[in-house]
Amino acid sequence: MRKTSALISTFFSLVIMSLIAIPAHASSGKLGGDFELTAHTGESFKLSDIQGKVGVIFFGFTHCPDVCPNTLLEIQRLMVSLNDQSEQLQVLFISVDPKRDTPDKLESYVNYFNKNIIGLTGTEEQIAKVLEQYNGTVSFSGDTDSDTYNVDHVANMYLINKQGDIGSIILPRTPFAVLEQQVRKLINQ
Ligand code: NI
């Protein structure tokens, strides 16, 4: 019984994934688009800088206890699985916690998972604008004057096609095989 329901839920995840794949060049007011932030190197970074590559955008913060580390481990697994093709992929980790996530902090964090991930941060206004473009949410709880507050954040992975548009959105708990298949599809487009 349990096995059957797991199969059914995997099936529905696949169906949902195919439903939310967003066509390129949707009507105006579409999700996504270019933005400018600061990379962990301290240099200015635009999404359009990676045009011609497939992008993965993930919002998070370095103090995250679970979602971010798990997602970054999944991304590391994806890079290994893509092997040589991983050169055609650029993963972007955008901090939603610029107060604590300085470029230096981001650098050591993303490098821990994979040396090719770019950590991005910016002013609160810049980050709020990118979140709005990608319809992402963030909320802070606890004492934000301390170092221990928590941040709830959108946990989708936004896959960006070679033209810089959203190619598909990977929801939390999507099976790894679906993520890999969607990324390969965009690389081979
Ligand atoms: Ni997180």
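Donors here are N, O and S atoms within 2.8 Å of the metal. By that yardstick, the donor residues of the nickel ion in this predicted model follow the sequence spacing C-x3-C-x84-H. Put in residue terms, the protein donors are Cys64 through SG, Cys68 through SG and His153 through NE2, and they sit 2.0 to 2.2 Å from the nickel ion. Cys64 belongs to the loop between β3 (54-60) and α2, while His153 is in strand β7 (residues 150-153), so this pair ties together parts of the chain that are 89 residues apart in sequence. Both Cys64 and His153 are buried. Water is not among the atoms, so the site may look incomplete.

Stepping back to the whole chain, there are five helices and nine strands. Read from the N terminus, the elements go α-β-β-β-α-β-α-β-α-β-β-β-β-α. Of the 189 residues, 45% are buried. The chain exposes about 10,000 Å², and carbon and sulfur atoms supply 53% of that area. Long-range contacts are well represented: taking contacts between residues at least 6 apart in sequence, 71% join residues at least 24 apart.

Now for the inside of the protein. The largest nonpolar core has 52 residues, and the members that touch the most others are Phe35, Ile57, Phe59 and Tyr134. Helix α2 (residues 67-82) gives the most to this core, with six residues. Tyr134 is a handy place to look at the packing. Leaving aside residues up to four places away in sequence, Tyr134 touches Leu31, Gly32, Gly33, Phe35, Leu47, Ile57, Phe59, Tyr158, Ile160 and Ile166. Three of the residues named above as touching the most core members, Phe35, Ile57 and Phe59, are thus also partners of Tyr134.

Helix α2 is also home to Leu78. With a relative accessibility of 1%, Leu78 counts as buried. Its partners, again without residues up to four places away in sequence, are Leu89, Phe176, Leu179, Glu180 and Val183. The pairing with Leu179 spans a good stretch of chain: Leu78 and Leu179 are 101 residues apart in sequence, yet their C-alpha atoms are 8.3 Å apart in space.

Glu180, one of the residues touched by Leu78, leads on to the charged pairs. Side chains of opposite charge can pair when their charged atoms come close. A search of the whole structure turns up three salt bridges. In one of them, Glu180 pairs with Arg184, with 3.0 Å between the closest N and O atoms. These two residues are four apart in helix α5, which means that about one helical turn separates them. Glu180 counts as buried at 17% relative accessibility, whereas Arg184 is partly exposed at 28%.

Another salt bridge joins Asp165 to Lys30, and here the closest N and O atoms are 2.7 Å apart. Asp165 lies in the loop between β8 (157-160) and β9, and Lys30 in the loop between α1 (2-20) and β1 (36-39), so the pair ties together parts 135 residues apart in sequence. Asp165 is buried, with a relative accessibility of 11%. Lys30, on the other hand, is partly exposed, at 37%.

The remaining salt bridge brings together the side chains of Asp97 and Arg100, at 2.7 Å from N to O. Asp97 counts as buried at 1% relative accessibility. Arg100 is buried too, with a relative accessible area of 9%.

Finally, a couple of backbone oddities turn up in loops. Asn83 is not a glycine, but has a positive phi of about 55 degrees. Asn83 is placed in the loop between α2 and β4 (89-95), and with a relative accessible area of 54% it is exposed. Arg173, likewise a residue other than glycine, has a positive phi near 70 degrees. The loop holding Arg173 runs between β9 (166-170) and α5 (176-187). Arg173 counts as exposed, at 80% relative accessibility.

Technical notes:
Residues are numbered from 1 along each chain as its sequence is written. Side-chain values use heavy atoms; hydrogens and water are left out. A nonpolar core is a set of buried Ala, Val, Leu, Ile, Met, Phe, Trp, Tyr and Cys residues joined through side-chain atoms within 4.5 Å. Buried means under 20% relative accessible area, exposed over 50%, partly exposed in between (1.4 Å probe, protein chains only). Contact means heavy atoms within 4.5 Å. Donors are N, O and S atoms within 2.8 Å of the metal (3.2 Å for Na, K and Ca); water is not among the atoms, so sites may look incomplete. Accessible areas come from the Shrake-Rupley method with a 1.4 Å probe; for residues, only the protein chains shown count as cover. A salt bridge is a side-chain nitrogen of Lys or Arg within 4 Å of a carboxyl oxygen of Asp or Glu.
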